[in-house]
Amino acid sequence: MPSVAFYTLGCKVNFYDTEAIWQLFKKEGYEQVDFETTTADVYLINTCTVTNTGDKKSRQIIRRAIRRNPDAVIAVTGCYAQTSPAEILAIEGVDLVIGTQDRDKLMNYVTDLQNERKPVNAVRNIMKTREFEELDVPDFAERTRAFLKIQEGCNNFCTFCIIPWSRGLSRSREAESVINQARQLVESGYKEIVLTGIHTGGYGDDMENYRLSDLLWDLDAIEGLERIRISSIEASQIDEAMIDVLNRSSKMCRHLHIPLQSGDNDVLKRMRRKYTVEQFAEKIKLLHEAMPGVAITTDVIVGFPGETEEMFENGYAFMEQMGFAEMHVFPYSKRTGTPAARMEDQIDDELKNERVHKLIDLSERMQLDYAKKYVGEVLDIIPEREHKGSEGSGLITGYSDNYIQVVFEGSESLIGELCRVKITEAGVNECRGQLVRVLDNNHTAPTARIEADSEPQAMQA
């Protein structure tokens with residue numbers, strides 16, 4: 001049996017794409033082996049180019065694969081492959097560069113290379129691509145949460161970001177295809193589906209009279225699907241129709257990841273973001289009204305060129321005011337080829353790191369404050385795995401619909417089941433809870449989040 005080993009760098013979309021590529025190899029009778037410990041016939045490296053460091057790390061991994069087995073077919077895909085194919089092919093030992101499209105042809109290239117080793121540059125101009133690349137993933141290692149890619153590319157062209165040049169313009173997956181794949185995932189036993197993409201909230205921008213909110217209602221109608229989660233959505237994409245589905249659908253998770261990037265209007269303008277802090281705050285207010293208890297998580301870039309101390313302090317105060325459930329904080333990193341990399345007033349690394357630590361401390365405080373609200377409440381948890389902690393076995397862990405990780409006593413047989421758990425202790429990264437009851441198999445959605453008088457009350461969505 002021929003073997004293939006994968007190495008994935010970068011974002012969740014890249015990990016999804018690798019899973020989809022694995023399906024292609026599996027259909028051809030390949031066995032997947034560990035990249036680090038086993039010699040493979042084919043090595044596929046899915047690269048990242050979001051920062052210059054991503055490029056460097058990608059090159060390191062490519063060279064590591066070549067050293068592991070010089071006779072293997074070395075194939076490179078992903079964002080760095082799309083933007084810099086010649087740079088990658090200059091690495092002696094690379095056989096194939098295929099970018100972020102045409103992955104459905106990958107097996108044909110691999111077969112040809114096994115017959116004749118002649119390096120192939122299969123990268124085309126991504127900006128001319130208008131069709132979504134259909135690559136299904138029918139099965140995941142995690143049995144409770146399935147990812148479903150519905151969108152590719154981005155039209156925003158933020159000044160710090162190279163992604164439109166590596167992924168192309170926004171392209172949506174046909175609704176019928178999304179619904180069919182979602183049904184298959186539910187039939188395979190998945191209770192939660194996470195909708196993902198490069199710019200997920202842009203789903204439908206290239207369609208007539210069909211938007212993400214329409215897709216959410218169609219997914220809501222799928223019997224047996226318990227939870228629908230959106231991986232990320234921009235504040236500017238939260239309109240009345242989106243508010244309505246979040247308010248009325250019992251399956252929508254009370255968790256939205258909404259990138260802020262900066263809490264200062266001058267910085268947002270330099271970043272070419274499509275909102276002001278006032279507009280962002282108004283959308284967050286509407287979300288809290290539509291979906292009480294919603295967890296809002298966000299991304300923040302610290303030390304963007306020209307960010308003064310006053311701008312940083314403005315941002316800090318705004319983030320504190322928003323009361324995020326968690327913030328992912330990143331120091332600004334130059335990306336060659338972007339307008340921001342050419343801007344004057346680049347911020348000193350030491351100052352950037354100082355500001356990053358301040359925001360991480362703020363994030364942890366807000367995360368704990370959010371979790372504390374639920375002590376004494378009963379939340380619906382889908383256990384995902386056994387909890388490996390100092391206490392020993394007998395504990396399992398999973399997430400609530402509002403993305404609180406909860407550890408509680410229970411057997412592995414509960415993994416994948418919908419459990420009602422009373423929160424007993426709040427923590428920054430995880431909470432502790434006590435199992436109240438397991439919902440039976442006839443339950444199709446947590447339609448009533450307020451418990452009977454005999455049980456503690458949970459906050460209503």
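Me: What does contact mean here, and what covers the buried residues of α5?

Reply: Contact means heavy atoms within 4.5 Å. Helices (H or I, at least four residues) and strands (E, at least two) are DSSP runs, numbered from the N terminus. This is a predicted model: local features need pLDDT of at least 70, side-chain atom pairs count only at pLDDT 80 or more, and totals for chains, interfaces and linings use all residues. Residues are numbered from 1 along each chain as its sequence is written, and side-chain values use heavy atoms, leaving out hydrogens and water. Now to α5: the cover over its buried residues includes α1 (12–27), β3 (42–47), β4 (73–78), β5 (96–99) and β6 (120–121).

Me: Which residues are buried in α5?

Reply: Buried means under 20% relative accessible area, exposed over 50%, and partly exposed in between (1.4 Å probe, protein chains only). In α5 (residues 106–115), Leu106, Met107, Val110 and Leu113 are buried. Seen down the helix axis, the buried residues of α5 fall within an arc of 125° (taken from the directions from the axis to the C-beta atoms), so they line one face of the helix. The face turned away from that side carries exposed Asn108 and Asn115.

Me: With which residue does Arg103 form a salt bridge?

Reply: A salt bridge is a side-chain nitrogen of Lys or Arg within 4 Å of a carboxyl oxygen of Asp or Glu. Arg103 pairs with Asp17, their closest N and O atoms being 3.5 Å apart. Arg103 lies in the loop between β5 and α5 and Asp17 in helix α1, so the pair ties together parts 86 residues apart in sequence. Arg103 counts as buried at 0% relative accessibility, and Asp17 counts as buried at 2%.
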